[in-house]
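Let's take a walk through this one, from whole chains down to single residue pairs. Have your viewer ready and follow along.

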Amino acid sequence: MLNEHLKKLCLLCGASGHEKAVRDYILEQIKPYADCVKIDPLGSVIAEKKGAKPSPKKLMVSAHMDEVGLIVTYVNEDGTMQIAPVGGIEASVVIGRPVIVGDVGISGVIGAKPIHLLSGEQRKKLPKFAELYLDIGAENKAEAMKIAPPGTFAHFLPAFAELGGGKVRSKALDDRIGCAIMLTLMAQELPYDVTFAFLVQEEVGLRGAQVAAYTVNPDMAIVLEATTAADLTGAEGDAKVCALGEGPVVSFMDRSTIYDRELYHLAFAECERMGIPCQTKTRIAGGNDSGAIHKSRGGVRTLAISAPCRYLHSPSCVADLQDIENCMKLTYAMIEKAVQI
Amino acid sequence: MNLTEILRILSQAEGVSGWESPAGEKALELLRDYCPDAKIDPSGNIIGHMGNTLENAPHILLDAHLDQVGLIVTAITDEGFVRADHVGGIDMRLMPAQNLLLHGKKTIPGVAASVPPHLIGGEQKVLDVTELLIDTGYSKAELEEILSPGDRISFDTPFQILQGDRIAARSMDDRCGMAAILYALELLKNKTLPCKVSVLFSAQEEVGECGAETAGYTINPDMAIAVDVTFAMGHGDDPVKCGKLGGGPMIGISPTLSREISDSLISAAEGQNIPWQPEVMSGTTGTNADRFSVSRGGVRSCTLSIPLRYMHTPSEVISLGDVENTGRLLAAWLKEGHYAE
């Protein structure tokens, strides 16, 4: 069920501010399991699920629905379009790629000047976003304006693939992994009441999390994420940051948050009790919705549980299905244990 | 004849230089409808014959190359990543997070490693091909059961229909040239020709026109036309160096080409109201025509080029109309018989 949700969610397109397709899937899936569902003014889904007992502390478990993408900023006279990144994307993972454009899913490509016409110097320089453009095959500006006027979103072409060693390759693993875990947990019996928040606009500044945390007003929060793994040949020790196959990543600190120390230790203890691997991030890098949630109202004790993921914010991220499964097991355990602190 | 379908079949078939056999099998199947004697030669070229069998009929070679650019496995690292080198001109700027297919004992998906924005400190550089790491998810031991040095790697991108009559796909260089020749043969079906025609789908063009060199010797024609692709104007490109996408086939004019053939192609296009564009070069052409013209005692040769955007990227864009018009022009020229007057 977890893997099936993950694949279906990854094939959907939902750049920040454009999460409708993902939200619609989630609403459909949680209908039989949620006791109360609200959609907030920004588009986040807040779903209450009753557990075996009322929780002594209000717990919010969240993941973000949005992914990094592209937005059309200007239509050129020749029918091509200028684009800007929605969220943090390197131009090198966009250039020359197939994309789908707009709600109806028009095919397009990001143009790359042929290598034959580049000088030796140009070949060694990474492209900048301002130099990239989108080509949908339109003859001219008028035709292009009808199909993809400024403000139209474009997404990496969905292409979910199973790799070797139980790994998967897809766009948007960040953070459909978290969404898939929450959907799977909601279909189970839980020990305590939980509020599940499927959030918008993480990639453009944790904005969905900020307002949803205010609305939910939790005592404690668990953020489910995908975090950057650099466990490649040539990366030694701490330079790997975290590694695929070595279990859930529980951070003590990143660029957005210093995490609750007690929850951090509890997570490792629970993994040890269950006999599943667990790791921390060995570089202070990246950030996630915790950054907004832990500072909500008078403060929220917060923990992030992340699946290690290679090549984040690209059309082809790679994650390990066993890690994702273990993230779900740890989350279930924390739902039971964290609120008893 | 469904030209789009032929382009789809040819684009999706594998044929990185020196290992053209999967694409060759498809090509052979398509060519045998017109040249029942078609077969594969020792260099991996596909050669077939048709037309007039009289001894004094001029012998014309029509060529398009069968191979595509790609990569070749050089090593497997201890951590299970694949090292590779390029086969033909590959733009390293667009390799990060590029989807790839690795063709060993079986075909497996993979992705070229990228560094996510979260971990980038300072200026990023374009990797040298020797620094490239390809992730398949497998461990070294598992990979060694599937892959070995010398196996080919190709782009894993889909065939996309764009607006109007435009198509984006990998390997349109030069599968669209093959499709144009097949279209010409279809137009000439059951027609009497004043010439003998040899059709060549040549191997190893991207690594120095090797197939053309051997097949040119074997076929020993009186005249040769290399049907290949050339640069179509992308956004901001230099109009002096590029043709117009959708503007019709580009007839080569160059000191190394036969001006008589160029002129006869132009008059055939004018006579049939087929749109065409001149492609003026000042020396060699970077196509198989460079080999044909110096084959044995010399062969009068010319180029006929289909404009294509984003050459050697995973998303090469062509106009179906240009492919059709290239086929129409070839058919008209062969039928009229004023080859080099």
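What follows goes from domains to the chain contact, then to strands, and ends with a pair of helices.

Keep in mind from the start that this is a predicted model. Begin with chain A, where the domain assignment gives two parts: domain 1, made of 2–67 + 171–340, and domain 2, covering 69–156. Try placing a point at the centre of each, over C-alpha atoms: domain 1 of chain A and domain 2 of chain A have centres that lie 31 Å apart. Where they touch, domain 1 of chain A puts in 11 residues and domain 2 of chain A also puts in 11 residues. On the domain 1 side of that contact in chain A, you'll find four nonpolar, four polar and three charged residues.

Now bring in the other chain. How many residues does each chain give to the contact between chain A and chain B? Chain A contributes 58 residues, and chain B contributes 51 residues. On the chain A side, β7 (106–110), β8 (133–135), α4 (141–147) and β11 (167–170) each provide at least two residues. The largest share there is three residues, and it belongs to β7(A). Sorted by class, the chain A side that touches chain B holds 27 nonpolar, 18 polar and 13 charged residues.

Stay in chain A and zoom in on some strands. Strands β4 (residues 69–75) and β5 (residues 81–86) of chain A run antiparallel, with six bridges joining them. To find your register, look for A:Val72, which sits opposite A:Ile83 of β5(A). The hairpin of β4(A) and β5(A) has five residues between the strands, and A:Gly79 adopts a positive phi near 90° in it. β5(A) has another partner to check out: it pairs with β8(A), again in the antiparallel sense, over two bridges. There, A:Gln82 faces A:Tyr133 in β8(A).

Finally, hop over to chain B for some helix packing. Helix α4 (residues 172–187) and helix α8 (residues 320–336) of chain B have axes that come within 8 Å and cross at roughly 50°. That angle is why α4(B) counts as oblique to α8(B). The crossing of α4(B) past α8(B) is right-handed. Residues making the contact include B:Cys176, B:Ala180, B:Tyr183 and B:Leu187 from α4(B), and B:Val323, B:Glu324, B:Arg328 and B:Leu330 from α8(B). By class, the residues of this contact between α4(B) and α8(B) come out as 10 nonpolar, two polar and two charged.

Note on methods. Residues numbered from 1 in each chain as written. Chains lettered and ligands numbered in written order. Predicted model: local features only at pLDDT ≥ 70, side-chain atom pairs only at ≥ 80, totals over all residues. Axes fitted to C-alpha atoms, helices over the stretch in contact; angles between N-to-C directions. Helix = DSSP H or I, 4+ residues; strand = E, 2+ residues; numbered from the N terminus. Parallel < 35°, antiparallel > 145°, perpendicular 65-115°, else oblique. Left-handed = near helix turned anticlockwise from the far one by under 90°. Contact = placed C-beta atoms within 7 Å. Nonpolar A, V, L, I, M, F, W, Y, C, P; charged D, E, K, R; others polar. Domains from an automatic or database assignment. Pairing = 2+ DSSP bridges.
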